[in-house]
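Here is a short report on packing and cysteines in one protein model. Please keep the structure open while reading.

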Amino acid sequence: MNDALVLRADEGAVARLTLNNPSKLNALSDAMLAALLSALDKVAEDKAIRVVILNGAGKVFCAGHDLKEMQAARADKDNGRAAWLDLFARCSAVMARIQSLPQPVIAQAHGIATAAGCQLVATCDLAVAAQGTKFGVNGVNIGLFCSTPMVALSRNIHRKQAFEMLTTGEFIDAERAREVGLINRVATGDLAEETMELAKTIAAKLGSAVRIGKQAFYEQAQMPVAEAYAYAGEVMAVNMALDDTDEGIKAFLEKRKPSWS
(Lines give C-alpha, C1' and ligand atoms only; values in the text may rest on other atoms or scores of the structure.)
Protein backbone atom coordinates (compact mmCIF):
# COMPACT_ATOMS: atom_id res chain seq x y z
CA MET A 1 0.00 0.00 0.00
CA ASN A 2 1.18 3.53 -0.71
CA ASP A 3 2.86 5.05 2.35
CA ALA A 4 1.14 8.43 1.91
CA LEU A 5 -1.17 9.29 4.80
CA VAL A 6 -3.83 10.53 2.39
CA LEU A 7 -4.27 8.81 -0.96
CA ARG A 8 -6.02 10.41 -3.91
CA ALA A 9 -7.72 8.60 -6.78
CA ASP A 10 -9.79 10.43 -9.39
CA GLU A 11 -12.68 8.90 -11.33
CA GLY A 12 -13.94 11.40 -13.84
CA ALA A 13 -15.03 14.51 -11.95
CA VAL A 14 -14.91 12.74 -8.57
CA ALA A 15 -11.80 12.74 -6.35
CA ARG A 16 -11.54 10.06 -3.67
CA LEU A 17 -9.36 10.97 -0.67
CA THR A 18 -8.50 8.02 1.57
CA LEU A 19 -7.20 8.38 5.13
CA ASN A 20 -4.40 5.85 4.94
CA ASN A 21 -3.11 4.86 8.36
CA PRO A 22 -5.14 1.73 9.14
CA SER A 23 -2.72 0.46 11.78
CA LYS A 24 -3.68 3.52 13.87
CA LEU A 25 -7.34 3.44 12.82
CA ASN A 26 -6.76 6.51 10.62
CA ALA A 27 -6.34 8.71 13.69
CA LEU A 28 -6.18 12.47 13.11
CA SER A 29 -2.56 12.81 14.19
CA ASP A 30 -0.49 15.92 13.53
CA ALA A 31 0.81 14.35 10.32
CA MET A 32 -2.61 13.14 9.19
CA LEU A 33 -4.17 16.57 9.67
CA ALA A 34 -1.36 18.18 7.67
CA ALA A 35 -1.70 15.62 4.88
CA LEU A 36 -5.48 15.98 4.74
CA LEU A 37 -5.35 19.78 4.63
CA SER A 38 -2.78 19.64 1.83
CA ALA A 39 -4.93 17.20 -0.15
CA LEU A 40 -8.02 19.36 0.29
CA ASP A 41 -6.16 22.49 -0.82
CA LYS A 42 -5.00 20.72 -3.99
CA VAL A 43 -8.49 19.48 -4.80
CA ALA A 44 -9.89 22.99 -4.29
CA GLU A 45 -7.65 24.26 -7.09
CA ASP A 46 -8.56 21.43 -9.47
CA LYS A 47 -11.37 22.73 -11.68
CA ALA A 48 -11.87 19.26 -13.20
CA ILE A 49 -13.08 17.91 -9.85
CA ARG A 50 -16.71 18.53 -8.92
CA VAL A 51 -17.20 16.20 -5.93
CA VAL A 52 -14.92 14.75 -3.25
CA ILE A 53 -15.36 11.45 -1.40
CA LEU A 54 -13.54 11.05 1.93
CA ASN A 55 -13.07 7.52 3.22
CA GLY A 56 -10.75 5.49 5.45
CA ALA A 57 -8.47 2.55 4.70
CA GLY A 58 -8.69 -0.64 6.71
CA LYS A 59 -11.33 -1.67 9.19
CA VAL A 60 -12.62 1.76 10.24
CA PHE A 61 -13.28 5.26 8.92
CA CYS A 62 -11.55 7.27 11.67
CA ALA A 63 -11.08 6.78 15.41
CA GLY A 64 -10.49 10.44 16.24
CA HIS A 65 -7.34 12.07 17.57
CA ASP A 66 -4.13 10.16 18.31
CA LEU A 67 -4.33 9.85 22.11
CA LYS A 68 -0.73 8.61 22.47
CA GLU A 69 0.48 11.70 20.64
CA MET A 70 -1.67 13.91 22.84
CA GLN A 71 -0.40 12.23 26.00
CA ALA A 72 3.22 12.65 24.93
CA ALA A 73 2.74 16.43 24.98
CA ARG A 74 2.39 16.28 28.78
CA ALA A 75 6.20 16.12 28.89
CA ASP A 76 6.42 19.70 27.57
CA LYS A 77 7.27 22.52 29.97
CA ASP A 78 3.68 23.76 29.93
CA ASN A 79 2.32 20.23 30.50
CA GLY A 80 1.06 20.11 26.95
CA ARG A 81 -1.26 23.11 26.80
CA ALA A 82 0.37 24.79 23.79
CA ALA A 83 0.54 21.54 21.85
CA TRP A 84 -3.10 20.73 22.54
CA LEU A 85 -4.30 24.21 21.59
CA ASP A 86 -2.30 23.97 18.37
CA LEU A 87 -3.72 20.51 17.62
CA PHE A 88 -7.33 21.59 18.12
CA ALA A 89 -6.78 24.76 16.08
CA ARG A 90 -5.33 22.78 13.18
CA CYS A 91 -8.11 20.21 13.37
CA SER A 92 -10.68 23.01 13.33
CA ALA A 93 -8.92 24.48 10.28
CA VAL A 94 -9.29 21.17 8.45
CA MET A 95 -12.99 21.02 9.32
CA ALA A 96 -13.46 24.61 8.13
CA ARG A 97 -11.59 23.79 4.92
CA ILE A 98 -14.00 20.97 4.13
CA GLN A 99 -16.92 23.36 4.26
CA SER A 100 -15.12 26.14 2.40
CA LEU A 101 -14.06 23.74 -0.36
CA PRO A 102 -15.77 24.65 -3.67
CA GLN A 103 -16.79 21.01 -4.19
CA PRO A 104 -19.26 19.06 -2.06
CA VAL A 105 -17.53 16.52 0.20
CA ILE A 106 -19.15 13.15 0.93
CA ALA A 107 -17.98 11.12 3.94
CA GLN A 108 -17.95 7.39 3.18
CA ALA A 109 -17.99 5.84 6.64
CA HIS A 110 -17.53 2.26 7.75
CA GLY A 111 -16.57 0.44 10.93
CA ILE A 112 -16.45 3.26 13.45
CA ALA A 113 -16.36 7.04 13.40
CA THR A 114 -15.54 8.20 16.91
CA ALA A 115 -14.78 11.53 18.57
CA ALA A 116 -12.97 13.69 15.97
CA GLY A 117 -13.81 10.97 13.43
CA CYS A 118 -17.49 11.54 14.13
CA GLN A 119 -16.77 15.27 13.90
CA LEU A 120 -15.36 14.63 10.44
CA VAL A 121 -18.58 12.90 9.33
CA ALA A 122 -20.70 15.70 10.81
CA THR A 123 -18.57 18.30 9.04
CA CYS A 124 -18.76 16.79 5.57
CA ASP A 125 -21.55 18.11 3.36
CA LEU A 126 -23.03 14.64 2.90
CA ALA A 127 -22.41 11.19 4.37
CA VAL A 128 -23.06 7.59 3.38
CA ALA A 129 -22.36 4.73 5.80
CA ALA A 130 -22.13 0.98 5.63
CA GLN A 131 -24.61 -1.06 7.62
CA GLY A 132 -23.17 -1.76 11.05
CA THR A 133 -21.13 1.44 11.24
CA LYS A 134 -20.98 2.92 14.74
CA PHE A 135 -20.84 6.63 15.50
CA GLY A 136 -19.90 8.16 18.83
CA VAL A 137 -18.43 11.12 20.67
CA ASN A 138 -17.22 8.88 23.45
CA GLY A 139 -14.39 10.91 24.95
CA VAL A 140 -16.39 11.32 28.16
CA ASN A 141 -15.79 7.61 28.82
CA ILE A 142 -12.10 8.36 29.43
CA GLY A 143 -12.66 11.71 31.10
CA LEU A 144 -12.26 13.94 28.04
CA PHE A 145 -15.50 15.64 26.93
CA CYS A 146 -15.62 15.88 23.13
CA SER A 147 -15.92 19.66 23.09
CA THR A 148 -14.52 20.32 19.61
CA PRO A 149 -16.45 17.45 17.97
CA MET A 150 -19.49 18.91 19.76
CA VAL A 151 -19.32 22.02 17.55
CA ALA A 152 -19.94 20.07 14.36
CA LEU A 153 -22.28 17.52 15.92
CA SER A 154 -24.58 20.09 17.56
CA ARG A 155 -24.90 21.91 14.23
CA ASN A 156 -25.74 18.68 12.44
CA ILE A 157 -28.33 16.94 14.62
CA HIS A 158 -30.90 17.88 17.25
CA ARG A 159 -29.29 19.38 20.37
CA LYS A 160 -30.82 16.90 22.79
CA GLN A 161 -29.62 13.95 20.74
CA ALA A 162 -26.14 15.51 20.48
CA PHE A 163 -26.01 16.16 24.22
CA GLU A 164 -27.08 12.62 25.00
CA MET A 165 -24.29 11.23 22.81
CA LEU A 166 -21.75 13.60 24.37
CA THR A 167 -22.67 12.90 27.99
CA THR A 168 -23.29 9.14 27.81
CA GLY A 169 -20.48 8.24 25.43
CA GLU A 170 -22.83 5.74 23.84
CA PHE A 171 -22.63 4.84 20.17
CA ILE A 172 -25.43 4.97 17.63
CA ASP A 173 -25.67 2.70 14.62
CA ALA A 174 -25.96 3.71 10.99
CA GLU A 175 -29.73 3.50 10.90
CA ARG A 176 -30.06 5.76 13.94
CA ALA A 177 -27.44 8.11 12.49
CA ARG A 178 -29.60 8.44 9.38
CA GLU A 179 -32.73 9.02 11.47
CA VAL A 180 -31.15 11.90 13.42
CA GLY A 181 -29.57 13.45 10.33
CA LEU A 182 -25.89 12.67 10.92
CA ILE A 183 -25.71 10.76 7.64
CA ASN A 184 -27.79 10.82 4.47
CA ARG A 185 -27.87 7.18 3.48
CA VAL A 186 -27.13 3.68 4.73
CA ALA A 187 -25.67 1.58 1.94
CA THR A 188 -27.69 -1.53 1.23
CA GLY A 189 -25.05 -2.97 -1.08
CA ASP A 190 -21.46 -2.05 -1.88
CA LEU A 191 -20.58 1.07 0.13
CA ALA A 192 -18.02 2.46 -2.32
CA GLU A 193 -20.30 1.94 -5.31
CA GLU A 194 -23.31 3.56 -3.65
CA THR A 195 -21.24 6.51 -2.48
CA MET A 196 -19.80 6.94 -5.96
CA GLU A 197 -23.29 6.82 -7.43
CA LEU A 198 -24.31 9.75 -5.23
CA ALA A 199 -21.10 11.59 -6.10
CA LYS A 200 -21.64 11.13 -9.84
CA THR A 201 -25.24 12.33 -9.57
CA ILE A 202 -23.99 15.60 -8.05
CA ALA A 203 -21.01 15.82 -10.41
CA ALA A 204 -23.41 15.74 -13.37
CA LYS A 205 -24.96 19.05 -12.30
CA LEU A 206 -23.63 22.44 -13.36
CA GLY A 207 -20.44 22.76 -11.33
CA SER A 208 -20.52 26.54 -11.06
CA ALA A 209 -24.07 26.44 -9.68
CA VAL A 210 -23.15 23.83 -7.08
CA ARG A 211 -20.09 25.83 -6.01
CA ILE A 212 -22.18 28.98 -5.61
CA GLY A 213 -24.85 27.03 -3.77
CA LYS A 214 -22.48 25.33 -1.34
CA GLN A 215 -20.96 28.61 -0.25
CA ALA A 216 -24.37 30.20 0.13
CA PHE A 217 -25.68 27.20 2.08
CA TYR A 218 -23.20 27.75 4.91
CA GLU A 219 -23.30 31.53 4.78
CA GLN A 220 -27.09 31.82 5.09
CA ALA A 221 -27.24 29.25 7.89
CA GLN A 222 -25.53 31.74 10.20
CA MET A 223 -27.92 34.62 9.41
CA PRO A 224 -31.31 35.73 10.71
CA VAL A 225 -34.10 34.72 8.32
CA ALA A 226 -34.67 38.15 6.75
CA GLU A 227 -30.95 38.67 6.19
CA ALA A 228 -30.62 35.13 4.82
CA TYR A 229 -33.37 35.73 2.24
CA ALA A 230 -31.78 38.99 1.12
CA TYR A 231 -28.38 37.33 0.80
CA ALA A 232 -29.82 34.30 -1.01
CA GLY A 233 -31.62 36.58 -3.46
CA GLU A 234 -28.31 38.22 -4.36
CA VAL A 235 -26.73 34.79 -4.80
CA MET A 236 -29.53 33.61 -7.10
CA ALA A 237 -29.16 36.75 -9.20
CA VAL A 238 -25.45 36.00 -9.62
CA ASN A 239 -26.30 32.41 -10.52
CA MET A 240 -28.96 33.52 -13.04
CA ALA A 241 -26.39 35.72 -14.80
CA LEU A 242 -24.20 32.73 -15.70
CA ASP A 243 -24.22 31.79 -19.39
CA ASP A 244 -24.51 28.12 -18.49
CA THR A 245 -27.57 28.82 -16.35
CA ASP A 246 -29.15 30.63 -19.28
CA GLU A 247 -28.41 27.55 -21.39
CA GLY A 248 -29.80 25.23 -18.71
CA ILE A 249 -33.11 27.08 -18.52
CA LYS A 250 -33.42 27.28 -22.30
CA ALA A 251 -32.75 23.55 -22.57
CA PHE A 252 -35.42 22.79 -19.96
CA LEU A 253 -37.99 24.95 -21.75
CA GLU A 254 -37.07 23.41 -25.10
CA LYS A 255 -37.16 19.87 -23.63
CA ARG A 256 -33.55 19.00 -24.47
CA LYS A 257 -30.32 18.34 -22.62
CA PRO A 258 -28.25 21.44 -21.81
CA SER A 259 -24.96 22.01 -23.61
CA TRP A 260 -22.82 23.35 -20.78
CA SER A 261 -19.28 24.62 -21.18
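The text below covers the cores, the cysteines and one helix pair.

This is a predicted model: local features need pLDDT of at least 70, side-chain atom pairs count only at pLDDT 80 or more, and totals for chains, interfaces and linings use all residues. Residues are numbered from 1 along each chain as its sequence is written, and side-chain values use heavy atoms, without hydrogens and water.

**Cores.** A nonpolar core is a set of buried Ala, Val, Leu, Ile, Met, Phe, Trp, Tyr and Cys residues joined through side-chain atoms within 4.5 Å. Buried means under 20% relative accessible area, with a 1.4 Å probe and protein chains only. The largest core has 53 residues; Leu 54, Phe 61 and Leu 182 are among those with the most contacts inside it. Helix α1 (residues 30-44) gives the most to this core, seven residues. Helices are DSSP runs (H or I, at least four residues), numbered from the N terminus. Apart from this core lies another, of 14 residues, including Val 14 and Ala 187.

**Cysteines.** The whole structure has zero disulfides (cysteine sulfur pairs within 2.5 Å).

| Cysteine | Closest cysteine sulfur | Relative accessible area |
|---|---|---|
| Cys 118 | Cys 146, 8.4 Å | 1%, buried |
| Cys 124 | Cys 62, 11 Å | 5%, buried |

**Helix pair.** The axes of α9 (residues 207-221) and α10 (residues 225-240) come within 10 Å and cross at roughly 170 degrees. The pair is therefore roughly antiparallel (over 145 degrees). The residues in contact (heavy atoms within 4.5 Å) include Ile 212 of α9 and Tyr 231 of α10.

Definitions and conventions: Buried < 20%, exposed > 50% of the residue type's maximum accessible area, 1.4 Å probe, protein only. Helix = DSSP H or I, 4+ residues; strand = E, 2+ residues; numbered from the N terminus. Axes fitted to C-alpha atoms, helices over the stretch in contact; angles between N-to-C directions. Parallel < 35°, antiparallel > 145°, perpendicular 65-115°, else oblique.
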